[in-house]
Amino acid sequence: MNPSRKGDETEAVILGALMRLGLSVSVPFGDSDRYDMVVDDGDDCYRVQCKTGSWVNGAVRFKLYSSTVGTDGRVNTDYTADEIDAYAVHSREMEQVYWVPIADTGSGEMRLRVEDPHPKAPRSRINWAAEYEVSHRFG
């Protein structure tokens, strides 16, 4: 599946999950905004960047940047709190949508741990996927 189609599918799944939770979702016209949708929970509105999570060693991994190709080659651009409020991440393998506030992220990529890590892995740096399930945020 080409990357654009995969992104469209991810956005559609996330949109459906948010609407099932009773949230109002708006999608900006065009493709020039850094966010993919605006989520209104009745009290606040959130600018959301949708991401497709990939399954890697018991965790859902997603990128915290966008990639474009220009005359100088591939350019990766991080998202900032001035541009988005949260990431909504769809994991096909887990059949789950996760809500990750940008304040909980860093740069590069983030992993949401589903399975127990290696016994010697530092547990203080684990982001447990269950804590980021969208139903926990808005359910």
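Student: Which strand gives the largest share of the lining of the second largest pocket?
Tutor: Bear in mind that this is a predicted model. The second largest pocket has a volume of about 320 Å³. Of the 13 residues that line this pocket, M110, R111, R125, I126 and N127 are the closest to its centre. The largest share of the lining, 4 residues, comes from residues 109–113, and that strand is β9.

Student: How many nonpolar residues does the lining of the second largest pocket have?
Tutor: Let's split that lining by class. Take the other two groups to begin with: 3 residues are polar and 4 are charged. The nonpolar residues number 6.

Student: OK, on to the largest pocket. What is its volume, and which residues are the closest to its centre?
Tutor: The largest pocket has a volume of about 1300 Å³. Its lining is made up of 36 residues. The closest of them to the centre are P3, G7, Q49, C50 and K51.

Student: Which element supplies the largest share of the lining of the largest pocket?
Tutor: Elements with at least two residues in this lining include β3 (45–56), β4 (59–63) and β5 (65–70). Another is a helix that spans 3–20. The largest share, 8 residues, comes from that helix, α1.

Student: And how many residues of that lining are charged?
Tutor: The nonpolar residues there come to 8 and the polar ones to 13. That leaves one class to name, and the number of charged residues is 15.

Student: Let's go inside. Which residues have the most contacts within the largest nonpolar core?
Tutor: This core has 16 residues. Two or more of them come from each of α1, β2 (37–40), β3, β7 (86–91), β8 (96–101) and α2 (134–138). Another core, of 14 residues, lies apart from it, with I84, Y87, L112 and Y132 among them. Back in the largest core, the residues with the most contacts are I14, L18, M37, V39, V48 and W99.

Student: Leaving aside neighbours within four places in sequence, which residues is V39 in contact with?
Tutor: V39 is one of the residues with the most contacts inside the largest core. Set those sequence neighbours aside, and its contacts are L18, L23, S24, D44, C45, Y46, V48 and W99.

Student: Last one: what is the bridge partner of Y65 in β6?
Tutor: β5 and β6 (residues 73–78) run antiparallel and are joined by 6 bridges. They form a hairpin, with 2 residues between them. In β6, the partner of Y65 is D78.

Terms used
Residues are numbered from 1 along each chain as its sequence is written. This is a predicted model: local features need pLDDT of at least 70, side-chain atom pairs count only at pLDDT 80 or more; totals for chains, interfaces and linings use all residues. Side-chain values use heavy atoms; hydrogens and water are left out. On a 1 Å grid over the protein atoms alone, a cavity is a set of points where a 1.4 Å probe fits but cannot get out, and a pocket is an open set with protein on both sides within 12 Å along at least five of seven lines; lining residues have an atom within 4 Å of a point. Grid points are joined across faces, edges and corners, and a volume is the space filled by probe spheres set on the points. Ala, Val, Leu, Ile, Met, Phe, Trp, Tyr, Cys and Pro count as nonpolar, Asp, Glu, Lys and Arg as charged, and the others, Gly among them, as polar. A nonpolar core is a set of buried Ala, Val, Leu, Ile, Met, Phe, Trp, Tyr and Cys residues joined through side-chain atoms within 4.5 Å. Buried means under 20% relative accessible area, exposed over 50%, partly exposed in between (1.4 Å probe, protein chains only). Contact means heavy atoms within 4.5 Å. Two strands pair if DSSP finds at least two bridges between them.
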